[in-house]
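The following account leads the reader through a protein structure, from its strand pairing and helix packing to a few individual residues. Please keep the sequence and the model in view while reading.

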Amino acid sequence: MRHINTPTIAIARQSLHRTMTGVGWAPSVIFDAQLALCELLVNAWRHGDTPAPLVQVISTNGNLHVSVTDQSPILPTTPPLSLLAESGRGLQLVEALTHRWGVEPHERAKSVWFELDGAA
């Protein structure tokens with residue numbers, strides 16, 4: 001398990017890459033996980049008003065669980081978007097890239113997470 005408290009995408013991506021490479025995930029799956037992580041980080045900055053969200057990466061039994069915790073208790077939504085919308089597709093992207101995603105509410109915060117099954 002790794003905890004990363006960082007305001008930079010690069011450090012979070014590198015840590016995730018090291019973890020996934022170390023247990024044998026395919027490069028294409030690692031890229032998808034890094035992209036999903038970036039979306040969660042940007043959401044934490046933009047909507048969670050959190051300059052340094054907590055990132056947790058857990059790899060067990062060939063599965064991966066990644067969560068990003070911000071300082072806002074407001075849960076994310078995925079409203080229908082117009083074709084011309086310039087933003088708002090991040091969680092749809094996370095859903096497409098991962099096996100599962102969800103939200104764990106806390107008293108004054110929340111963790112948005114995703115999971116991948118089975119290392120390549």
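**A guided reading of the fold**

Asn61 is situated in the loop that links E2 to E3. The model discussed here is predicted, and this residue offers a convenient point of entry. The phi angle of Asn61 lies near 50°, a positive value in a residue that is not glycine. The loop belongs to the hairpin of E2 and E3, in which two residues stand between the strands. Is Asn61 buried or exposed? Its relative accessibility is 79%, and Asn61 therefore counts as exposed, the cut-off being over 50%.

From this turn the view can be widened to the whole chain. The protein contains three helices and five strands, and read from the N terminus the order of elements is β-α-α-β-β-α-β-β. The protein has 120 residues, of which 36% count as buried. Among contacts with a separation of 6 or more, 59% are between residues 24 or more positions apart.

The strands may be taken next, beginning with the two that flank the turn. Strand E2, residues 54-60, pairs with E3 in the antiparallel sense, and seven bridges connect them. Two of the residue pairs can be located directly: Leu54 has Thr69 of E3 as its bridge partner, while Val57 is matched with Val66 of E3. E3 is also joined to strand E5, residues 110-116, again by seven bridges and with the strands running antiparallel. E3 thus pairs with E2 and with E5. How many of the eight residues of strand E3 are buried? Six of them are, so E3, which spans residues 63-70, is largely enclosed by the rest of the structure.

Ser67 illustrates this setting at the level of one residue. Ser67 belongs to strand E3 and stands opposite Trp113 in E5. Leaving aside residues up to four places away in sequence, Ser67 touches Leu54, Val55 and Gln56 as well as Ser111, Val112 and Trp113. The relative accessibility of Ser67 is 6%, and because the limit for burial is under 20%, the residue counts as buried.

Strand E4 supplies a second residue to examine. Val103 is placed in this strand, which covers residues 100-105. With residues up to four places away in sequence set aside, Val103 touches Leu75, Pro76, Lys110, Ser111, Val112 and Trp113. The C-alpha atoms of Val103 and Pro76 are 8.0 Å apart, although 27 residues separate the two along the chain. Val103 has a relative accessibility of 28% and therefore counts as partly exposed.

The helices form the next part of the reading. Helix H1, residues 9-22, and H2 cross at roughly 145°, and their axes come within 10 Å of each other. This crossing is right-handed. On the H1 side the contact involves Ile9, Ala12, Arg13, Leu16, His17, Met20 and Thr21, and these meet Val29, Ile30, Ala33, Gln34, Leu35, Leu37, Cys38, Leu41, Val42 and Trp45 of H2. By class, the contact of H1 with H2 comprises 13 nonpolar residues, three polar ones and one charged.

H2 also packs against H3. Helix H2 covers residues 27-46 and helix H3 residues 90-97; the angle between them is about 155°, and their axes lie 9 Å apart. H2 and H3 are therefore roughly antiparallel to each other. Their crossing is left-handed. H2 contributes Asp32, Leu35, Ala36, Glu39, Leu40 and Asn43 to the contact, and H3 contributes Gly90, Leu91, Leu93, Val94 and Leu97. The contact of H2 with H3 is made up of seven nonpolar, two polar and two charged residues. Leu35 appears in the contact with H1 and in the contact with H3.

The reading closes with the passage from helix to strand. Asp49 lies in the loop between H2 and E2. Although Asp49 is not a glycine, its phi is positive, at about 50°. With a relative accessible area of 65%, Asp49 counts as exposed, because that value is over 50%.

Methods
Residues numbered from 1 in each chain as written. Predicted model: local features only at pLDDT ≥ 70, side-chain atom pairs only at ≥ 80, totals over all residues. Heavy atoms only, no water. Buried < 20%, exposed > 50% of the residue type's maximum accessible area, 1.4 Å probe, protein only. Helix = DSSP H or I, 4+ residues; strand = E, 2+ residues; numbered from the N terminus. Pairing = 2+ DSSP bridges. Axes fitted to C-alpha atoms, helices over the stretch in contact; angles between N-to-C directions. Parallel < 35°, antiparallel > 145°, perpendicular 65-115°, else oblique. Left-handed = near helix turned anticlockwise from the far one by under 90°. Contact = heavy atoms within 4.5 Å. Nonpolar A, V, L, I, M, F, W, Y, C, P; charged D, E, K, R; others polar.
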